[in-house]
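Good morning, and thank you for making time on the agenda. I would ask you to keep the sequence and the structure in view while I speak.

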Amino acid sequence: MDEVKNLDAEAVFAALTPSEAVASLREALAGDFDPADDIPRTISDISAGNMIFMPAEIGDWVGVKLVGVSVANSERGLPRIMAQYLMYDATTLELRTVIDGAALTTLRTPAVSLAAVEPALNRFTQPVNVVVFGAGPQGTGHADTIADVLDVELADVCFVVRSPDQVTADVHERGRVLQAQTAEVDEAIRAADIIVTATTASEPLFAADLVKPGAVVMACGSHDPHSRELPAELFTSALVIVEDLSNVLREGGDVVLAISDGALDADSLVTMKQFSNGEVSADADQTVVFKGSGMSWEDLAVATRLVGKA
């Protein structure tokens, strides 16, 4: 068997730019692959938190991400999520590459959000205002990916957090840091062209009437059907994009709860494959909402491009 390659976090970020990660996902969506055929993840509770098993197959590759989520790791000064990604030859199932799974997740999650809404970003012809709820790797990753993908400049970037004193210097270098649930945050939301929620919240982070028509909202904080970051009222007149219908109805609390509240019709949901490929479009002044919870195929699509370049 050929020697197994190992790509650590540094190699992952050096090999692939955020915009290239977005392109890898849109290429997968443009092909024959349908996210509806993806293999559902398995989540098992353990004493420290849970373990997640995420297998996928696209073309010449089979991949699986093994994720450990330790809820108390932040108290130990360790990452909450530990992960490895294993890539196999689809024909022989020989192990070819081991990738730092946390780095791959950090790269792919914002890439998924941007791949899902990218056609709507063409509406922005002037510098945009961005509000990001959360200042962890996914919050900063979304800010970096937005900056790399958009054809226009970022006029203002705000990170909304519960504890501003705990925010690291690299976040301050990217934008302003605001204390959650303040008038300053409400003002930033009213001016926002793009809003990202990347938190562990289980209740809405802001009021729907603060969001201006035509804004693009991306929610990626959870895969729990009982938790949400977005208010149900936001979905009433928005074009709502999801990764896959069965997946979001199983894991996407923002969508599941909006449906149960009567604010959203499940039949109106648009998949990211449909929107990315131009089968469905949004009016220029229509709010666009993407709810993502993460699917196995997304890691493999980005990992395939990553291995090819590395």
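I begin with a side-chain pair: Ser-293 and Glu-251 are joined through their side chains by a polar contact of 3.2 Å. Please bear in mind throughout that this is a predicted model. Ser-293 sits in the loop that runs between strand E14, residues 288-291, and helix H10. Is Ser-293 buried or exposed? Its relative accessibility is 10%, below the 20% limit, and Ser-293 therefore counts as buried. Leaving aside residues up to four places away in sequence, Ser-293 touches Arg-41, Ser-222, His-223, Glu-243, Asn-247 and Glu-251.

From that loop we pass into H10 itself. Glu-298 belongs to this helix. With a relative accessibility of 0%, Glu-298 counts as buried. Residues up to four places away in sequence again set aside, Glu-298 is in contact with Leu-25, Arg-108, Val-112, Glu-243 and Met-272. Glu-243 thus appears among the contacts of Glu-298 and also among those of Ser-293.

Next, the packing of helices. In general terms, a pair of packed helices is described by two quantities, the angle between the axes and the distance between them. For helix H2, residues 18-30, and helix H10, residues 296-309, the axes come within 9 Å and cross at roughly 120°. The two helices, H2 and H10, are therefore oblique to each other. Their crossing is right-handed. Which residues of H2 and H10 make the contact? On the H2 side they are Glu-20, Ala-21, Ala-23, Ser-24, Leu-25, Glu-27, Ala-28 and Leu-29. On the H10 side they are Trp-297, Glu-298, Ala-301, Val-302, Arg-305 and Lys-309. Sorted by class, the residues of this contact between H2 and H10 comprise 8 nonpolar, 1 polar and 5 charged.

H2 has a further helical partner. The axes of H2 and helix H4, residues 137-149, come within 8 Å, with a crossing angle of roughly 80°. H2 is therefore roughly perpendicular to H4. Here Pro-18, Ser-19 and Val-22 of H2 meet Thr-145, Asp-148 and Val-149 of H4. The contact of H2 with H4 consists of 3 nonpolar, 2 polar and 1 charged residues.

I turn now to strand E11, residues 216-219, in which Met-218 lies. Met-218 has a relative accessibility of 0%, and so counts as buried. What does Met-218 touch, not counting residues up to four places away in sequence? The residues are Ser-113, Leu-114, Val-117, Ile-146, Ile-194, Ile-195, Val-196, Thr-197 and Phe-290. As a measure of span, Met-218 and Ala-14 are 204 residues apart in sequence, while their C-alpha atoms are 26 Å apart in space.

E11 also figures in the surroundings of helix H8, residues 253-260. The buried residues of H8 are Gly-253, Asp-254, Val-255, Leu-257 and Ala-258. Among the elements that cover them are E11, strand E12 (239-242), helix H7 (245-251) and E14. After H8 comes Gly-262, with a positive phi near 80°.

That brings me to backbone angles in residues other than glycine. Leu-93 has a phi near 60°, which is a positive value. Leu-93 is located in the loop between strand E5 (81-89) and strand E6 (95-100). With 54% relative accessibility, above the 50% limit, Leu-93 counts as exposed. Gln-181 likewise has a positive phi, near 60°. Its place is the loop between strand E9 (176-179) and helix H6 (183-191). Gln-181 counts as exposed, at 79% relative accessibility.

One further loop residue remains. Asp-165 is found between strand E8 (154-161) and helix H5 (169-174). Is Asp-165 buried or exposed? It is exposed, since its relative accessible area is 69%. How far apart are Asp-165 and Val-280? They are 115 residues apart in sequence and 43 Å apart in space, C-alpha to C-alpha.

To close, I return to H2 and its helical contacts. H2 lies oblique to H10 and roughly perpendicular to H4. Leu-25 of H2 takes part in the contact with H10, and Leu-25 is also one of the residues that the buried Glu-298 touches. I am happy to take questions.

How values were computed:
Residues are numbered from 1 along each chain as its sequence is written. This is a predicted model: local features need pLDDT of at least 70, side-chain atom pairs count only at pLDDT 80 or more; totals for chains, interfaces and linings use all residues. Side-chain values use heavy atoms; hydrogens and water are left out. Axes are lines fitted to C-alpha atoms, for helices over the stretch in contact, and angles run from 0 to 180 degrees between N-to-C directions. Helices (H or I, at least four residues) and strands (E, at least two) are DSSP runs, numbered from the N terminus. Angles under 35 degrees count as roughly parallel, over 145 as roughly antiparallel, 65 to 115 as roughly perpendicular and the rest as oblique. A crossing is left-handed if the near helix is turned anticlockwise from the far one by less than a right angle, and right-handed if clockwise. Contact means heavy atoms within 4.5 Å. Ala, Val, Leu, Ile, Met, Phe, Trp, Tyr, Cys and Pro count as nonpolar, Asp, Glu, Lys and Arg as charged, and the others, Gly among them, as polar. Buried means under 20% relative accessible area, exposed over 50%, partly exposed in between (1.4 Å probe, protein chains only). A polar contact is a pair of N or O atoms within 3.5 Å; within protein, one must be able to donate a hydrogen and the other to accept it, and residues adjacent in sequence count only if both atoms are side-chain atoms.
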